[in-house]
Amino acid sequence: SKNPKGTWKDWAQTAFDESINLSAVGYFRGYESDMNWEKGEGQPFEYFVYGAACSEVEIDCLTGDHKNIRTDIVMDVGCSINPAIDIGQGILHTRGPDQYKIPAICDMPTELHIALLPPSQNSNTLYSSKGLGESGVFLGCSVFFAIHDAVSAARQERGLHGPLTLNSPLTPEKIRMACEDKFTKMIPRDEPG
């Protein structure tokens, strides 16, 4: 207001000289939610996302290798602003093979089917979209559980019954050792504790 005919550079310099902050900060407290999960009643958070995934895998009981045969994914993304981004979104934040099992082209399922549900007409979200990130990434656990089921089936064929605990990442070594046989029994085990 002191220099209405000035340039942007003039205004920024004057603000700097007079220690005037040119940024504004606000805090968004979120949308109201009154969901009772036990009764299955109420209204969940507006950006609440539903999804399901199913995977079919094959494991090699001798080497511990696995192959993802087919994965089907269905996601509720509201009114997708860009379906290509919603389907292909995800940034890898891990830095090396010591933090995760490096995915390779062979980890891609032979058949991959992804469907986005039709947009909801009763959304109070921005442009009727929904937040899609961790929810879609978490559906990858369907491969983990498919491998767990395959290992369980292999163990049952060998007469091994009872609970099976497998931890992620399921490396070929872990899968091989879980498919117990006369060779894995030759390997010395760590003492408990």
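## Helix α4 and its packing

The buried residues of α4 are S142, V143, F144, A146, I147, H148, A150, V151, S152, A154 and R155, and in this predicted model they pack against β1, β2 and α5, the last of these covering residues 172-178. An α-helix has 3.6 residues a turn, so residues three or four places apart point the same way.

The helix itself runs over residues 141-157 and contains 17 residues. From its first C-alpha to its last it reaches 25 Å, which is close to the 24 Å expected at 1.5 Å a residue. Just after α4, the backbone of G159 takes a positive phi of about 80 degrees.

## Overall composition and confidence

The protein has five helices and three strands, and these follow the pattern α-β-β-α-β-α-α-α when read along the sequence. Of the 193 residues in the protein, 26% are buried, and the protein exposes about 14700 Å², of which carbon and sulfur atoms supply 57%. Among contacts with a separation of 6 or more, 62% are accounted for by residues 24 or more positions apart.

The mean pLDDT of the protein is 82, with 79% of its residues reaching 70 or more. Among the elements, α4 has the highest mean pLDDT, at 95, whereas helix α3 (residues 134-138) has the lowest, at 70.

## The strands

Strand β2 (residues 66-75) is paired with β1 and with β3, and the two pairings differ in direction. Strand β1 (residues 51-59) runs antiparallel to β2 and is joined to it by nine bridges, with C54 standing opposite D72 of β2. Strand β3 (residues 111-116) instead runs parallel to β2, and six bridges join these two strands; within this pairing, the bridge partner of T71 is L112 in β3.

The hairpin of β1 and β2 has six residues between the strands, and there G64 takes a positive phi near 85 degrees.

## T63 in the hairpin loop

Where along the chain does T63 lie? T63 belongs to the loop between β1 and β2, and it counts as partly exposed because its relative accessibility is 44%, a value that falls between the limits of 20% for buried and 50% for exposed. A polar atom of the T63 side chain lies 3.2 Å from the backbone nitrogen of D65.

When neighbours within four places in sequence are left aside, T63 is in contact with P172 and R176. The C-alpha atoms of T63 and M177, which are 114 residues apart along the chain, are separated by 9.3 Å.

## D181 and its arginine contacts

D181 has its place in the segment after α5. Is this residue, D181, buried or exposed? Its relative accessibility is 17%, so D181 counts as buried, the cut-off being under 20%.

Leaving aside neighbours within four places in sequence, D181 is in contact with R158 and R176. With R176 there is also a polar contact between the two side chains, at 3.0 Å. R176 therefore appears in two local pictures, since it is in contact with T63 of the hairpin loop as well as with D181, where contact means heavy atoms within 4.5 Å.

Technical notes: Residues numbered from 1 in each chain as written. Heavy atoms only, no water. Pairing = 2+ DSSP bridges. Helix = DSSP H or I, 4+ residues; strand = E, 2+ residues; numbered from the N terminus. Expected span 1.5 Å × (residues − 1). Buried < 20%, exposed > 50% of the residue type's maximum accessible area, 1.4 Å probe, protein only. Polar contact = N/O pair within 3.5 Å; in protein donor to acceptor, adjacent residues only side chain to side chain. Areas by Shrake-Rupley, 256 points an atom, 1.4 Å probe, with all protein chains shown as cover. pLDDT = per-residue confidence, 0-100.
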